[in-house]
Amino acid sequence: MQDSALLHGHPGRLVTAGVAALLLAVTSGSAARTQPPATAAPPVRVVVVGDSLSTGHGTSPQQAWPALMRTDPEVAGLEVVNAAEDGSGYLSLGDYNGTFGTQVDDYVTPDTGIVVFFGSENDLGYASADVGDAALAAMDRAEALAPDARIIVVGPPSYTTDPDPGLLDISDQLKTATARAGGEYVDPIAEGWISDDFDDLIGPDGDHPTVLGQHYLLDHIGAHLEQAAPAAAAALEARQDAHRPAA
């Protein structure tokens, strides 16, 4: 009965409250409809330029470190495109007559956030200065195709503590070319990659990584990608904002 008395005692107040509630609901609904939907940040596109160390030769393409990266939680948010070709290098022609330069031309796009070059011992036998020139040309081409991309260059590894002098010359040339291109150089020879655990990480041919070796490469190269990803994502977002029409 008390509730009934209240209902009949203040009809005007209740009507006013009801109208206010209705207006609030309509206004809130309209505001909700006009708010742009939240969208997830697009993944950072990573193009891997390389040789048989990146194709999974000796294991399988699914076990190659770029393929493993697609499911690794430490580098989530990366869209990995593997352009690597067996036998290729900056000058060396691969099994399909490609080089690192043609891989750049075929796979690097304006929305690419990171380009990784890895290798190559296949360039042994060419003049190291020519390898350096070809490397710089490939990096400059990558920058022209993807102006906002981060460039990471990983030199050829050596599996011993007494590396081939030719590999050292190539590594020196790549380091210089990377500096000129404004990229980041990673030196597996100086860091002693694989040399301490050759039997487990390298397969029977003495050259190509085992499955465990591919995971080793994932850990070492992935760490650099993980560090580069935030800046690459920010550059991609800024690029999209610059091309978004004004409200």
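The chain folds into 10 helices and 5 strands, and the coordinates are those of a predicted model. Of its 247 residues, 41% are buried. Among contacts with a separation of 6 or more, 74% join residues 24 or more positions apart. The accessible surface comes to about 13,200 Å², and carbon and sulfur atoms account for 55% of that area.

**Helix H7 and its two sides**

A good place to begin a tour is helix H7, which runs through residues 165-181. Its 17 residues should span 24 Å at 1.5 Å a residue, and the end C-alpha atoms are indeed 24 Å apart, so expectation and model agree. Which residues of H7 are buried? They are Leu167, Ile170, Ser171, Leu174, Ala177, Thr178 and Ala181. These buried residues cover an arc of only 130° around the axis, which puts them on the same side of H7. A general point about helices helps here: an α-helix has 3.6 residues a turn, so residues three or four places apart point the same way. On the other side of H7, Pro165, Lys175, Ala179 and Arg180 are exposed.

What do the buried residues of H7 pack against? Their partners are helix H6 (128-145), strand E4 (150-154), strand E5 (184-186) and helix H8 (188-191).

Both ends of H7 have a detail to look for. At the N-terminal end, Asp164 acts as a cap, with a side-chain oxygen 2.6 Å from the backbone nitrogen of Gly166. After H7 comes Gly182, which has a positive phi, near 75°.

**Glu184 in strand E5**

Strand E5, one of the elements packed against H7, contains Glu184. Is Glu184 buried or partly exposed? Its relative accessibility is 29%, so Glu184 counts as partly exposed. Leaving aside neighbours within four places in sequence, Glu184 is in contact with Ile151, Ile152, Val153, Thr178 and His224. Thr178 in that list is one of the buried residues of H7. With His224, the link is a polar contact between the two side chains, at 2.8 Å. Glu184 also lies 9.6 Å from Val116, C-alpha to C-alpha, although 68 residues separate them in sequence.

**Ser158 and the loop before H7**

The loop between E4 and H7 holds Ser158. With a relative accessibility of 8%, under the 20% cut-off, Ser158 counts as buried. Beyond neighbours within four places in sequence, the residues in contact with Ser158 are Pro163, Leu167, Ile189, Trp193 and Ser195. Leu167 is a buried residue of H7.

**Aromatic pairs**

Searching the whole structure turns up 4 aromatic pairs. In general, a pair of aromatic rings is described by the distance of the centres and the angle of the planes. Two of the pairs are set out here.

| Pair | Centre to centre | Angle between planes | Arrangement |
|---|---|---|---|
| Tyr90 and Phe100 | 4.6 Å | 65° | edge-to-face |
| Tyr159 and Phe198 | 6.0 Å | 55° | tilted |

The pair of Tyr90 and Phe100 links distant parts of the chain, 10 residues apart: Tyr90 sits in the loop between strand E2 (78-82) and helix H5 (100-107), while Phe100 belongs to H5. Tyr90 is buried at 4% relative accessibility, and Phe100 is buried too, with a relative accessible area of 0%. Ring pairs also bring in Phe117, so that Tyr90, Phe100 and Phe117 form a cluster.

The pair of Tyr159 and Phe198 spans 39 residues, from the loop between E4 and H7, where Tyr159 lies, to helix H9 (residues 198-201), which holds Phe198. Here the two partners fall into separate classes: Tyr159 is buried, with a relative accessible area of 13%, and Phe198 is partly exposed, with 30%.

**Helix H5**

Phe100 leads back to H5, where the buried residues are Phe100, Gln103 and Val104. Seen down the axis of H5, these residues fall within an arc of 100°, so they line one face of the helix. What covers the buried residues of H5? The cover includes strand E1 (44-50), strand E3 (112-118) and H6. Helix H6 is also among the elements that the buried residues of H7 pack against.

Technical notes
Residues numbered from 1 in each chain as written. Predicted model: local features only at pLDDT ≥ 70, side-chain atom pairs only at ≥ 80, totals over all residues. Heavy atoms only, no water. Helix = DSSP H or I, 4+ residues; strand = E, 2+ residues; numbered from the N terminus. Buried < 20%, exposed > 50% of the residue type's maximum accessible area, 1.4 Å probe, protein only. Contact = heavy atoms within 4.5 Å. Areas by Shrake-Rupley, 256 points an atom, 1.4 Å probe, with all protein chains shown as cover. Expected span 1.5 Å × (residues − 1). Arc of directions from axis to C-beta. Polar contact = N/O pair within 3.5 Å; in protein donor to acceptor, adjacent residues only side chain to side chain. Phe/Tyr/Trp six-rings, centres within 6.5 Å; stacked < 30°, edge-to-face > 60°.
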